[in-house]
Amino acid sequence: MLNKLIRKNDKTISIPLKKRKEDAQQEQLPSHIAIIMDGNGRWANKRALPRIAGHHEGMKTVKKITRFANEVGIKVLTLYAFSTENWKRPKMEVEFLMRLPEEFLGTYLPELIEQNVQVQMMGNMESLPEHTKRAIQKAMDKTAMNDGLILNFALNYGSRDEIVQAVSQIARNVQAGHVAVEEISEQLLSNHLMTKHLSDPDLLIRTSGEVRLSNFMLWQLAYTEFWFTDTLWPDFDEACLMDAIENYQKRNRRYGGLKEGEGN
């Protein structure tokens with residue numbers, strides 16, 4: 001079963017990318033795609049390069065995939081850029097990762113504005129270095145009025161921490177008398193998450209052959225379609241994204257029920 005979800009590197013498709021994109025646009029597209037960008041370090045190691053070289057190459061992939069997702073017509077692209085657990089990595093690597101948003105947004109922001117992309121972020125911004133916060137806040141402010149693709153960076157983000165924060169806020173509201181215990185529901189909890197203004201992801205992509213969620217959007221992914229690929233993130237390209245979208249469009253999404261005409 002799991003093999004059906006994993007795209008192998010040796011798969012080849014001869015149909016031109018433009019035709020594949022046009023065909024996909026005639027079907028139901030995933031509105032919200034979330035990606036766990038994995039494999040930068042392994043990409044660098046295979047080339048006897050420092051890990052930071054892999055992260056820099058991965059940044060180029062972010063540009064490429066954001067541009068293409070916007071062209072296809074995806075509404076929200078959430079990218080897992082840095083988890084709450086990633087602080088455990090070597091200090092030099094963490095410092096480099098904290099510089100990447102500044103470099104990425106510093107060079108790419110004019111194009112994002114031109115493409116009508118809106119930059120958002122979910123995660124604990126307060127714990128980020130000042131230069132990182134400034135770069136992200138500037139990008140969010142400059143693109144706030146754009147109404148095209150939402151490019152949502154999960155930065156210093158952990159799903160368990162997000163859920164704990166949401167539950168704590170609800171508990172405080174109950175204690176203050178603003179919410180009755182009987183009013184606590186799935187929707188109420190969703191309304192206290194960092195993604196309360198976004199739809200849940202329709203499609204989750206994870207690169208590099210790893211098959212786990214790594215504390216990413218655990219609540220929001222309850223009915224998301226998963227697609228895993230052996231491709232390392234720096235090698236992930238437009239054709240890979242089309243593979244995932246085309247696979248998604250073949251899925252039968254039941255949300256726990258049955259569609260008309262299906263048996264028990």
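## Strand 6 and its neighbours

A residue counts as buried when its relative accessible area is under 20%. Keep that cut-off in mind as we look at strand 6 of this predicted model, which spans residues 203-206. Which residues cover its two faces? On one side sit Leu203 and Ile205, and on the other Leu204 and Arg206; all of them are buried. In a regular strand, side chains alternate between the two faces of the sheet.

Strand 6 also has partners. It pairs with strand 2 (residues 32-36) in the parallel sense, over four bridges, and one link to look for is Ala34 with its bridge partner Leu204. Strand 7 (residues 225-229) runs parallel to strand 6 too, and four bridges join them; here Ile205 has Trp227 as its bridge partner. Leu204 and Ile205 are thus good places to start when you trace these pairings on screen: Leu204 bridges to Ala34, and Ile205 bridges to Trp227.

## Asn40 in helix 2

Next, let's visit Asn40, which is found in helix 2. Is this residue buried or exposed? Its relative accessible area is 11%, and buried means under 20%, so Asn40 is buried.

What surrounds it? Setting aside neighbours within four places in sequence, Asn40 is in contact with Gly54, His55, Gly58, Trp233 and Pro234. With one of these, His55, there is a polar contact between the two side chains, at 3.3 Å.

## The largest pocket

Rolling a probe the size of a water molecule over the atoms shows where empty space is left. The largest pocket holds about 780 Å³ of space. It is lined by 33 residues, and those closest to its centre are Met37, Tyr80, Ala81, Phe82 and Asn86. Which elements give two or more residues to this lining? They are helix 2 (40-46), helix 3 (51-72), strand 3 (76-83), helix 4 (91-114) and strand 5 (150-157).

As for the chemistry of the lining, 17 of its residues are nonpolar, eight are polar and eight are charged.

## The second largest pocket

The second largest pocket has a volume of about 240 Å³. Twelve residues line it, and Glu186, Asp200, Trp219, Ala222 and Tyr223 lie nearest its centre. How do the lining residues divide by type? Five are nonpolar, three are polar and four are charged.

How values were computed. Residues numbered from 1 in each chain as written. Predicted model: local features only at pLDDT ≥ 70, side-chain atom pairs only at ≥ 80, totals over all residues. Heavy atoms only, no water. 1 Å grid on protein atoms, 1.4 Å probe; cavity = no way out; pocket = protein on both sides within 12 Å on 5 of 7 lines; lining within 4 Å. Points joined across faces, edges and corners; volume = space filled by probe spheres on them. Nonpolar A, V, L, I, M, F, W, Y, C, P; charged D, E, K, R; others polar. Buried < 20%, exposed > 50% of the residue type's maximum accessible area, 1.4 Å probe, protein only. Polar contact = N/O pair within 3.5 Å; in protein donor to acceptor, adjacent residues only side chain to side chain. Contact = heavy atoms within 4.5 Å. Pairing = 2+ DSSP bridges.
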